[in-house]
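This report walks through a protein model strand by strand, for a reader who wants to check each statement against the coordinates. Please keep the structure open alongside the text.

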Amino acid sequence: HDHSQPSPLFDLATAVDSAHKRIIWSIHFCPFDSTILASGSRDGCIKIWKIVEEEQNSQDGPACTIKELYSFEPCARAGKKKADSVTALSFAPKPGKTQSQGNFAVLSVGVESGLIELWQVPLDAASQEGEGGSSNQSVDCLTCLPVDICHASSITKLAWKPLRGGAGEAADSS
């Protein structure tokens, strides 16, 4: 063993060539389901992916694959023919649930023009897809924030702020 070369901290488990047509500007892993991630690109496309672990047959082959679950463009076009570049993504820290769609994640999307949108991403379909099933569920735009309360330039980072005294907890009154 050569001690002069430090060992790498990470090994590439798998990759997807040409996942987007332009440079990827944002990636975010779902905080409550580490097998789900979103990518956003200069091509104006958002993709939702699922990491599927597989049995490793050899030491050289990947132990997982990445499957594309959804591909969509933001609603925001800022008067242009094509969608704005997606510059920031962030999943909400907790899942939601509806009777009609089941479990879902909320994904915030920021674009180059400064607009912000919230999207509902079905998770039950993601579980079925990862197990070889299929679903006709799709992502839905929950809201596009009004232009007058958004930024005048590119969104570079989005984050969710935790609530104090969330559901089931008493708020600190001091």
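Which residue in strand 8 stands opposite leucine 107? It is tryptophan 119 that stands opposite leucine 107, and this pair offers a way into the neighbourhood of strand 7. The model is a predicted one, and what follows should be read with that in mind.

**Strand 7 and its partners**

Strand 7 covers residues 102-111, and because 9 of these 10 residues are buried, the strand is largely enclosed by the rest of the structure. Its pairing with strand 8 (residues 116-122) is antiparallel and rests on 7 bridges. The two strands form a hairpin with 4 residues between them, in which glycine 114 adopts a positive phi near 100 degrees. Strand 7 also pairs in the antiparallel sense with strand 5 (residues 86-91), over 5 bridges, and here alanine 88 has glycine 110 of strand 7 as its bridge partner. Strand 6 (residues 96-98), in turn, runs antiparallel to strand 7 and is joined to it by 3 bridges, with lysine 97 standing opposite asparagine 103 of strand 7.

**The open sheet of four strands**

An open sheet of 4 strands shows the order 1-2-3-4, and its pairing is antiparallel. Strand 1 (24-29) and strand 4 (64-72) occupy the edges with a single partner strand each, so one side of each has no neighbour in the sheet. On average, and with direction ignored, neighbouring strands of this sheet are turned by 25 degrees against each other.

The following table sets out bridge counts for antiparallel strand pairs, from this sheet and from the surroundings of strand 7, with an opposing residue pair for each.

| Strand pair | Bridges | Opposing residues |
|---|---|---|
| Strand 1 and strand 2 | 5 bridges | isoleucine 27 and serine 39 |
| Strand 2 and strand 3 | 5 bridges | alanine 38 and isoleucine 48 |
| Strand 5 and strand 7 | 5 bridges | alanine 88 and glycine 110 |
| Strand 6 and strand 7 | 3 bridges | lysine 97 and asparagine 103 |
| Strand 7 and strand 8 | 7 bridges | leucine 107 and tryptophan 119 |

In a regular strand, side chains alternate between the two faces of the sheet. Strand 2 is a case in which both faces are covered, since Ile36, Ala38 and Gly40 on one side are buried, as are Leu37, Ser39 and Ser41 on the other. Put as a count, 6 of the 6 residues of strand 2 are buried, and the strand is mostly covered. On one flank, strand 2 forms a hairpin with strand 1 that has 6 residues between the strands, while its hairpin with strand 3 has 4 residues between them.

**The turn at glycine 44**

Glycine 44 belongs to the loop between strand 2 and strand 3, and in this turn the residue has a positive phi of about 80 degrees. Is glycine 44 buried or exposed? With a relative accessible area of 0%, glycine 44 is buried. Once neighbours within four places in sequence are set aside, its contacts are Phe72, Glu73, Pro74, Ala83, Asp84, Ser85 and Val86. Glycine 44 also lies 9.4 Å from glutamate 112, C-alpha to C-alpha, although the two are 68 residues apart in sequence.

**A salt bridge and a nonpolar patch**

How many salt bridges does a search of the whole structure find? The search finds 1, formed by glutamate 68 and lysine 47, whose closest N and O atoms are 3.4 Å apart. Because glutamate 68 lies in strand 4 and lysine 47 in strand 3, the pair ties together parts that are 21 residues apart in sequence. The two partners are covered to differing degrees, for glutamate 68 is partly exposed at a relative accessible area of 37%, whereas lysine 47, at 11%, counts as buried.

At the surface, Ile24, Ile27 and Phe29 make a nonpolar patch of about 280 Å². Phenylalanine 29 has its place in strand 1, and its relative accessibility of 44% makes it partly exposed. Isoleucine 27, another member of the patch, has serine 39 of strand 2 as its bridge partner.

Technical notes: Residues numbered from 1 in each chain as written. Predicted model: local features only at pLDDT ≥ 70, side-chain atom pairs only at ≥ 80, totals over all residues. Heavy atoms only, no water. Pairing = 2+ DSSP bridges. Axes fitted to C-alpha atoms, helices over the stretch in contact; angles between N-to-C directions. Patch = residues over 30% accessible without salt bridge, like charges linked within 9 Å, V, L, I, M, F, W, Y side chains within 5 Å. Areas by Shrake-Rupley, 256 points an atom, 1.4 Å probe, with all protein chains shown as cover. Salt bridge = Lys/Arg side-chain N within 4 Å of Asp/Glu carboxyl O. Buried < 20%, exposed > 50% of the residue type's maximum accessible area, 1.4 Å probe, protein only. Contact = heavy atoms within 4.5 Å.
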